[in-house]
Amino acid sequence: MSNTYYPAIARRRSRRDFLKLMAAAGTVMTFTPFVDWGKFLPNNRTSVSERTKIEIRGGEAANVHTFPANSSEVVIYPKSDDPVLNKEAFRTWQLIRLPNEMGGGINSVSSFRLYSMVCLHLWCLWTYFPRGPDKNDPSKIVGGSGACPCHGSMYDPLTGIAYQGPASLQGPPSNALPRLDLEADTEGDLWILPPTWDLTKNGIVGYGRYVA
Ligand code: FES
C-alpha cells in the first residue's frame with residue numbers, strides 16, 4: 001500500500017463529512033419558512049399598557065421638527081432597568097424618517113416608521129441605508145431601504161415588506177417586519193402606542209407580521 005493511501009482516505013472522509021453537513025444545513029434552510037417559529041421565539045411578550053416616549057442618543061426625544069428626513073436611529077423597546085437586557089436584539093428597533101420622495105418631508109407622524117431590526121431571514125440586524133446618489137455613479141440614486149448585511153435582504157421602508165433577498169422569498173407573515181404604532185404630542189415628540197404582539201397587529205419579533 002502506498003504511503004499516500006491513508007491521507008487520501010482522510011481527505012475523502014473529511015470531504016464526505018463536509019458534504020453531509022451541508023446537506024443537513026440545506027434541509028434546515030429549506031423548511032425554515034414553513035415552521036411556525038413564532039411559537040418558539042424568545043419574543044418580548046412584555047405587555048406595555050401605556051404609551052412610551054421615544055428616546056434617541058442617550059435620552060433626547062425624537063421630535064418631528066428636528067429629526068432629519070432620510071435618516072434613522074436605533075430605539076430600544078421596551079426598555080428595562082437592566083442594561084444587559086437592553087442589548088437584546090429582540091428589543092432593538094429602527095426609527096426611520098422617510099426620504100422626502102417617500103413623504104418624509106411632512107412634519108407629522110406619517111413621516112416615520114418604527115420596525116423591529118431583527119431580519120426575518122436568520123435574525124441578523126438590518127439597518128436603514130439612506131437614499132442618495134451612488135458613490136461610483138452619481139447619476140444613479142440608491143438606498144432608501146432597510147438592508148441586511150448578512151445575506152442581502154432588503155426591506156421597503158414604507159411597509160416593512162422584504163422585496164429582495166431571502167426574506168422576500170418567505171411567505172407571509174415572515175416577509176414583513178413587526179412595526180410599532182406612533183403618535184406625536186403637541187410639542188412634536190414621538191410616542192410608541194401600547195403594542196399587541198400578534199401577527200395580525202404589531203407582529204412578532206423575529207417571525208413577522210401580516211400586512212392587510
Ligand atoms: S439574516 Fe438577513 S438576509 Fe439573512
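This is a chat between a student and the author about the predicted model shown above.

Reader: Let's start with the big picture. How many helices and strands are there in the protein?

Author: The protein has one helix and 14 strands. Buried residues make up 40% of its 212 residues. Among contacts between residues at least 6 apart in sequence, 55% join residues at least 24 apart.

Reader: What does the pLDDT say about the protein?

Author: The average pLDDT is 86, and 78% of the residues score at least 70. Over residues 1-7, though, the pLDDT is below 50, and this stretch has one contact in the model beyond near neighbours in sequence. Residues 24-31 also stay under 50, with two contacts beyond four places in sequence. Where pLDDT is low, the predicted coordinates should not be read in detail.

Reader: Okay. Why is Asp134 called buried?

Author: Its relative accessible area is 18%, and buried means under 20%, so Asp134 makes the cut. You'll find Asp134 in the loop between strand E8 (132-133) and strand E9 (141-142). Leaving out residues up to four places away in sequence, Asp134 touches Lys140 and Val142.

Reader: And why does Thr92 count as buried?

Author: Same kind of check: Thr92 has 9% relative accessibility, and the limit is under 20%, so Thr92 is buried. Thr92 lies in strand E5. Apart from neighbours within four places in sequence, Thr92 is in contact with Val74, Val75, Ile76, Ser116, Met117 and Leu125. Thr92 and Val75 are 17 residues apart along the chain, with their C-alpha atoms separated by 6.0 Å.

Reader: What makes E4 and E5 a pair?

Author: Two strands pair if there are at least two bridges between them. Six bridges join E4 to E5, so they count as a pair, and they run antiparallel. One of the bridge partnerships links Val75 with Trp93 in E5.

Reader: Which side chains of E4 point to which face?

Author: They alternate along E4: Ser71, Glu73 and Val75 point to one face and are buried, whereas Ser72, Val74 and Ile76 point to the other and are not. That fits a general pattern: in a regular strand the side chains alternate between the two faces of the sheet.

Reader: Val75 keeps popping up. What does Val75 touch?

Author: Not counting residues up to four places away in sequence, the contacts of Val75 are Ile54, Glu55, Ile56, Arg91, Thr92, Trp93, Leu95, Leu114 and Ile192.

Reader: Which residues of the largest nonpolar core touch the most other members?

Author: That core has 20 residues, and the ones touching the most other members are Ile54, Val75, Trp93, Leu95, Leu114 and Ile192. Strand E5 (92-97), strand E6 (112-116) and E14 each give two or more residues to this core. There's also a second, separate core of 13 residues, which includes Tyr115, Cys119, Tyr128 and Ala167. In soluble globular proteins, nonpolar side chains tend to be buried together.

Reader: How many aromatic pairs are there?

Author: The count comes to four aromatic pairs.

Reader: Why is the pair of Phe90 and Trp123 called edge-to-face?

Author: The ring centres of Phe90 and Trp123 are 5.2 Å apart and the planes stand at 85 degrees. The limit for the centres is 6.5 Å, and planes over 60 degrees apart count as edge-to-face, so that's the label this pair gets. Phe90 sits in the loop between strand E4 (71-76) and E5, and Trp123 in the loop between E6 and strand E7 (127-129), so the pair ties together parts that are 33 residues apart in sequence.

Reader: Why is Trp123 called partly exposed?

Author: Trp123 has 37% relative accessibility. Partly exposed runs between 20% and 50%, so Trp123 falls in that class. Phe90, at 9%, counts as buried.

Reader: What makes the pair of Trp126 and Tyr155 tilted?

Author: Their planes are at 40 degrees, with the centres 5.9 Å apart. Stacked needs under 30 degrees and edge-to-face over 60, so this pair is tilted. Trp126 is buried, and Tyr155 is too.

Reader: Last one: why do E1 and E13 count as edges of their sheet?

Author: Three strands form an open antiparallel sheet in the order E1-E14-E13. Strand E1 (52-53) and strand E13 (182-184) each have a single partner strand, so one side of each is left without a neighbour in the sheet. E1 pairs with strand E14 (residues 190-192) over two bridges, and Thr52 has Ile192 as its bridge partner in E14.

Terms used
Residues numbered from 1 in each chain as written. Predicted model: local features only at pLDDT ≥ 70, side-chain atom pairs only at ≥ 80, totals over all residues. Heavy atoms only, no water. Helix = DSSP H or I, 4+ residues; strand = E, 2+ residues; numbered from the N terminus. Buried < 20%, exposed > 50% of the residue type's maximum accessible area, 1.4 Å probe, protein only. Contact = heavy atoms within 4.5 Å. Core = buried A, V, L, I, M, F, W, Y, C linked by side-chain atoms within 4.5 Å. Phe/Tyr/Trp six-rings, centres within 6.5 Å; stacked < 30°, edge-to-face > 60°. pLDDT = per-residue confidence, 0-100.
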